[in-house]
Amino acid sequence: MISATNISKQFGKLKALDNISVTYPAGECIALIGPNGSGKTTFIKSILGMVVPDSGKILFKGKDIAHDCHYRSDIGYMPQIGRYPENMTIGQVLEMMKDIRNHRGSLDDDLVNDFNFKSLLNKRMRTLSGGTRQKVSAALAFMFNPEVLILDEPTAGLDPVASEILKQKIVKEKEKGKLILITSHVLSELDDIVTQVMYMQDGKMIFYKPFDLLQFETGENKLSKAIATIMQQNQFSDIL
Amino acid sequence: MYSLPGMCGIIHVGKSEKIKTIKEAISHANERDTVLVHGGYYKEGNIFISKKIVLKGIDLPTLDGENKYQIISVKANGVVIDGFKIVHSGTSSLEDIAGIKLYDVRDAVVQNNVLDDTFFGIYTQRGINCLIQNNVLTSARKQEQASGNGIHCWKSDSMRIINNTIKGHRDGIYFEFVTNSVIWRNVSTSNLRYGLHFMFSNSDSYISNIFRYNGAGVSVMFSHHVKMFNNYFEENWGDGAYGILLKEIADSYIDGNHFIKNTSAIYMEGVSRTIMVKNVFRNNGWALKIQASCMETELHNNVFLGNTFDVGTNGSLVLNNFDGNYWDKYEGYDLNKNGIGDLPYRPVSMYSMIVERNPPAMILFHSFMTSLLDKTEKVLPTLTPENLADTKPLMKLPFHL
Amino acid sequence: MKKIIKYIITDILRNKIILSYTAFLLAISFTIFSLEDNSTKGLLSLLNIVLIIVPLISIIFSTIYIYNSAEFIELLVSQPLQRKKIWLGLFTGLAGSFTIAFLIGAGIPIILFEATAVGFMILAVGILLSIIFVAIAMLAAVKIRDKAKGIGVTILLWLYFSLLFDGIVLFLLFQFSDYPIEKPMIGVSMLNPIDIGRILILLKMDVSALMGYTGAVFKDFFGTTAGMITSFLVLAMWMICPLLISLRKFDRKDL
């Protein structure tokens with residue numbers, strides 16, 4: 001579905017992405033993990049065309065994404081911080097996105113219903129809490145039935161109920177065979193969903209392997225524990 | 001020689017008359033005879049009049065100088081020239097060739113003539129008590145050298161120049177060493193140099209004239225006891241163009257004139273003991289440019305409206321009195337309601353001083369910076385002459401416009 | 001792109017700042033024209049507003065708007081939309097809003113009280129300056145990532161165009177007063193859109209004073225049809241150049 005070859009990106013002196021090559025097949029749920037500043041978001045943004053890599057190539061369904069924008073109609077993106085025109089109401093924002101996307105197929109209103117937006121439709125964006133904005137972002141990401149979902153810290157700021165709704169939605173979409181790419185700090189939430197784990201550090205991809213393989217290698221069931229073990233091993237190897 | 005009044009004869013000239021040429025008619029005429037010229041086209045070179053006759057045109061006969069001749073020369077007193085169309089005089093750089101020239105005569109009358117494409121128009125030298133009225137003089141020559149003055153008076157006295165229309169000459173009306181004369185209700189426009197050029201001419205008045213679109217406006221120089229009333233000076237544009245240029249003028253009156261849209265309405269240099277009242281200055285670049293050499297000039301009840309700069313000066317003069325005028329830029333108040341502003345008005349703006357020193361600085365006029373400079377200057381005068389102020393500025397217009 | 005423009009204009013027009021800007025212009029223009037008995041003074045005050053307030057509000061509001069819309073722009077960029085269209089949509093939205101605000105705030109009073117050549121020139125210059133400073137703001141906002149720094153820079157830019165530039169020009173005028181600098185001055189004035197606008201209005205307003213020798217040089221240039229066209233073309237360049245540069249920048253910008 002998505003394949004990146006030798007992607008590098010430098011911000012000033014900082015190497016945000018260092019020669020990353022990876023292929024994401026459809027039907028997987030990939031957890032993109034790494035410490036703060038490891039380049040996760042930069043990598044996601046490269047895929048979305050929001051960051052232009054210094055070198056390397058990204059193919060989406062076999063097509064180079066450089067200077068293209070139409071491939072993005074197959075992607076639903078939920079940013080870390082969703083901010084919208086402040087004077088618009090939720091309803092207007094939803095309408096606007098429908099208008100802009102010009103989507104032909106059926107719309108997926110699950111999250112709109114589950115998050116109970118009906119009663120909030122007339123609220124202006126500037127009056128909303130961070131969590132509600134996140135809900136709007138989530139609803140928008142899923143609304144157009146995209147083949148690929150890219151979720152940047154999806155549960156950050158969501159209350160447990162909403163968090164759970166979103167998780168269920170992710171599971172549901174995964175079962176439809178969609179490619180789902182998630183970054184998250186709260187690793188415990190990803191346990192049930194994740195099929196692949198990509199670990200990044202200092203702009204480098206440390207590993208990219210199936211979650212079950214990772215569980216097997218580390219002997220840990222939980223993603224957070226598994227990662228912690230890996231990190232310890234890494235430090236250990238650094239010392240050696 | 002001594003024909004009696006009432007016995008004067010009339011001699012007709014025309015195609016269908018016995019006498020075909022004006023010259024022939026004049027040669028037959030006696031003193032006080034009238035030569036009546038009927039409509040038609042007369043090419044007779046220079047017509048010389050040395051007898052006191054009336055030369056009157058009927059139906060505007062045309063006298064053509066064929067670009068060679070002075071058309072009418074008068075060397076007798078009391079001649080009347082009335083109702084001719086006088087065209088195409090010669091041009092010379094040595095001689096002042098005119099359409100009608102009066103040599104050392106008195107009591108001549110030149111009226112109701114139309115002059116077209118003449119070098120000089122109507123020219124008098126050493127004339128006394130002559131009347132020049134209701135003539136229309138037009139010249140379309142492009143260069144000052146190839147163009148003479150419309151009505152030119154030199155060393156004359158008691159002249160009356162009334163209701164003439166003069167256009168496109170070098171100077172519209174030219175006065176040099178002319179005394180006790182009046183210039184009244186003339187319209188002098190689009191002349192190459194001055195609408196009125198006035199030098200060494202004392203005790204004259206010019207009243208209710210219109211001077212418009214002249215290359216350099218009006219120039220009044222080296223004269224005293226001049227009265228200028230109710231004239232209009234309009235749209236005289238250019239660096240050296242002034243509504244009036246006043247130079248070395250003394251004991252004169254400038255009253256009730258209108259100055260509209262001139263680059264500089266009045267430029268004064270060496271003017272003394274002159275009274276300027278009830279003049280209206282409207283939409284000029286500079287209403288007054290007063291050089292430091294002016295003294296004892298009194299300005300009262302004048303109206304300043306919409307001028308870019310009210311007063312410009314080159315020094316810190318205090319020898320003139322600016323009290324009691326109406327300035328539209330005045331921002332003071334009148335607490336005791338006596339119609340006189342309680343704060344003095346300083347008509348010289350900071351920026352006018354800057355532009356005076358550095359004319360290209362005009363390109364920055366009305367910019368934020370120049371407004372700031374002007375505002376600072378109002379609080380702390382440094383460049384502008386502190387004593388140049390109207391201490392009794394009027395709150396309302398002193399008269400209806 | 002039409003949709004983006006539509007949403008941005010509706011968003012900006014709902015913004016209190018632009019509404020108060022329109023109301024401010026409207027109030028001040030009406031006050032100016034009804035209080036001043038003589039229209040020249042009214043126009044002069046209006047001129048100051050056009051030359052000082054309009055660029056200031058345009059540049060600062062646009063910069064803040066762009067910074068505040070960073071996430072919204074991100075959202076749009078992640079959609080199947082061309083970046084160029086997003087940026088042009090933003091520009092058109094901002095420029096359009098300011099044009100509408102100025103047309104209502106100053107245009108109505110001008111048409112009611114001062115439908116003269118000077119009035120219409122002020123109107124035209126006001127609209128052009130609004131658009132130009134939106135373009136400059138967009139360039140600054142796309143070049144500088146930090147919001148506080150970006151706003152600081154735009155205030156400095158405004159200060160430069162409305163004050164410092166003229167100070168430098170005045171300095172040059174006095175430094176080179178012995179030389180015939182009128183014609184080079186025309187070239188120099190082209191480097192500042194506010195100056196071009198001001199001179200165009202000046203030529204309609206203070207034509208008498210400008211007819212002096214020096215002024216005549218300016219008048220010979222700006223007053224002729226060719227000069228007018230050149231000036232308006234240069235003003236157009238002042239719109240297009242920052243916009244194109246910012247567009248190129250935005251097309252390659254990492255969000």
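1. In this predicted model, chain B has 401 residues, and 48% of them count as buried. A residue is counted as buried here if 20 or more other C-beta atoms lie within 10 Å of its own.

2. The secondary structure of chain B consists of three helices and 38 strands. Its C-alpha atoms fill a box of roughly 85 × 40 × 30 Å along the principal axes.

3. The contacts within chain B may also be considered by separation in sequence. Among those with a separation of 6 or more, 46% are between residues 24 or more positions apart.

4. Chain C and chain B are in contact with each other, with 34 residues taking part from chain C and 28 residues from chain B. On the side of chain C that touches chain B, at least two residues each come from α3 (39–68), α7 (147–175), α8, α9 (193–205) and α10 (213–223). Of the contributions to this side of chain C, that of α7(C) is the most, at eight residues.

5. As to residue class, the side of chain C that touches chain B comprises 18 nonpolar, 11 polar and five charged residues.

6. Helix α8 of chain C, which spans residues 182–189, merits a separate point. Its buried residues are E182(C), M185(C), I186(C) and S189(C). These residues lie on the same side of α8(C) because the arc they cover around the axis is only 105°. Helix α8 of chain C is also one of the helices that supply at least two residues to the side of chain C touching chain B.

Note on methods. Residues numbered from 1 in each chain as written. Chains lettered and ligands numbered in written order. Predicted model: local features only at pLDDT ≥ 70, side-chain atom pairs only at ≥ 80, totals over all residues. Helix = DSSP H or I, 4+ residues; strand = E, 2+ residues; numbered from the N terminus. Buried ≥ 20, exposed ≤ 12 C-beta atoms within 10 Å, placed from the backbone. Contact = placed C-beta atoms within 7 Å. Arc of directions from axis to C-beta. Nonpolar A, V, L, I, M, F, W, Y, C, P; charged D, E, K, R; others polar.
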